[in-house]
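Please look through the sequence and the structure that follow, and keep both at hand while reading. The paragraphs after them go step by step through one part of the fold.

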Amino acid sequence: MIKEINLCKTATNNPCSRAKNALPAISGALINVFSPHHLAKNIDRFIDMVFPKKCQCCREVVQWDGICPKCWSRLLFIRPPMCKICGSPFDKTDQFDLCTSCMSGLPVFDKHRSLLSYGGSARKLVLSLKYRKDNSSAMFIAEIMLPMVLEIAHKVDYIIPVPLHWTRVSKRGFNQSALIARHLSRFLGIPILIDSLTRNRKTPSQGSLTSHMREKNVAGAFSVKSSSSKMISEARILLVDDVYTTGSTINACSEALKLTGAKKIIAVTLAKTTKLKI
Ligand SMILES: [Zn+2]
Ligand SMILES: [Zn+2]
């Protein structure tokens with residue numbers, strides 16, 4: 001009997017022994033399940049189940065933050081050759097450094113680069129950012145813009161988003177350029193000045209205006225707050241906006257910043273209207 005009990009205690013396939021052996025494993029598993037790491041992972045899974053991630057262009061369910069492969073294939077990246085100042089893409093046959101627009105009159109900003117040609121998925125991405133206040137869209141946009149920004153924005157002191165008039169911010173609830181600029185600021189570790197540049201008057205939407213009308217529409221519309229003028233003076237600024245059409249908005253902002261003494265203005269946008277076809 002004693003022998004049997006001993007056997008019971010020592011046999012590895014004995015139920016008592018298995019349960020005893022399993023206890024540390026179960027408690028270990030429970031500790032794992034309730035560990036901060038696993039809890040966070042499970043909460044993430046739960047959130048993904050209830051609120052699945054969606055492509056920011058076509059709203060198809062995807063497994064990651066960003067856009068689906070089909071929409072990615074409809075992004076047209078602007079590549080050289082391009083105008084050295086405003087970043088307008090050239091035909092392969094063009095042999096000039098500057099585009100006709102920059103040759104006929106240099107812009108106030110020192111350099112501008114846009115990542116994408118406006119159209120296809122780039123347009124959908126901009127609209128998703130503008131009308132859905134999708135912070136994950138803003139982060140995705142900042143992420144894809146980052147290599148381009150790193151290439152052109154050396155030794156920048158501050159990041160400034162192109163401002164909206166306060167009535168538009170209160171109606172929409174946010175400034176889409178500020179959302180992108182905040183993420184760029186975080187990625188680059190460069191301070192952002194959100195309120196230093198202001199839009200003094202409500203300007204009609206630039207959408208239906210000609211190039212000359214756009215210029216007139218935004219001329220003198222921006223100014224630097226007097227409390228920020230000391231900071232802006234002699235500073236190198238990275239100006240951020242979502243779309244570049246004729247450059248009149250970026251130019252008017254640059255004018256206000258340079259009038260305050262800014263040393264250099266590098267502007268970046270997600271998309272630019274071009275002749276390129278997707
Ligand atoms: Zn898609
Ligand atoms: Zn140009």
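Which residue in β6 does Val240 stand opposite? In this model, which is a predicted one, the residue opposite Val240 is Val268 of β6. That pair belongs to a longer meeting of strands, for β5, covering residues 236–244, and β6, covering residues 264–272, run parallel and are joined by 8 bridges. Another pair to look for is Leu238, which has Ile266 of β6 opposite.

Strand β6 also has a partner in β1, since the two are joined by 6 bridges and again run parallel. Here the reader can find His112, whose bridge partner in β6 is Ala267.

From these pairings one can turn to the whole sheet, which is open and made of 4 strands with parallel pairing, in the order β1-β6-β5-β2. At its edges lie β1, with residues 111–117, and β2, with residues 158–161, each of which pairs on one side only. From one strand to the next, the twist averages 20 degrees.

On this sheet packs helix α12, formed by residues 248–259, which touches β1, β5 and β6 and whose direction makes about 160 degrees with that of β5. Taken together, β5, α12 and β6 make a β-α-β unit, and that unit is right-handed.

The length of the helix can be checked by a short piece of reasoning. Because each residue should add 1.5 Å, and the expected span is 1.5 Å times one less than the number of residues, the 12 residues of α12 should span 16 Å, and this agrees with its end C-alpha atoms, which are 16 Å apart.

How many of the residues of α12 are buried? The helix is mostly covered, with 10 of its 12 residues buried; among them are Ser248, Thr249, Ile250 and Asn251 towards the beginning of the list, and Ser254, Glu255, Ala256 and Leu257 further along. After α12 comes Gly261, whose phi is positive, near 110 degrees.

The same question of burial can be put to the strand that pairs with both β1 and β5. In β6, 9 of the 9 residues are buried, so this strand is largely enclosed by the rest of the structure.

Notes
Residues are numbered from 1 along each chain as its sequence is written. Chains are lettered from A and ligands numbered from 1 in the order in which they are written. This is a predicted model: local features need pLDDT of at least 70, side-chain atom pairs count only at pLDDT 80 or more; totals for chains, interfaces and linings use all residues. Two strands pair if DSSP finds at least two bridges between them. Axes are lines fitted to C-alpha atoms, for helices over the stretch in contact, and angles run from 0 to 180 degrees between N-to-C directions. Two residues are in contact if their C-beta atoms, placed from the backbone, lie within 7 Å. A residue is buried if 20 or more other C-beta atoms lie within 10 Å of its own, exposed if 12 or fewer, and partly exposed in between; C-beta atoms are placed from the backbone. A crossover is right-handed if, with the strands pointing away from the viewer, the path from the first strand over the helix to the second runs clockwise.
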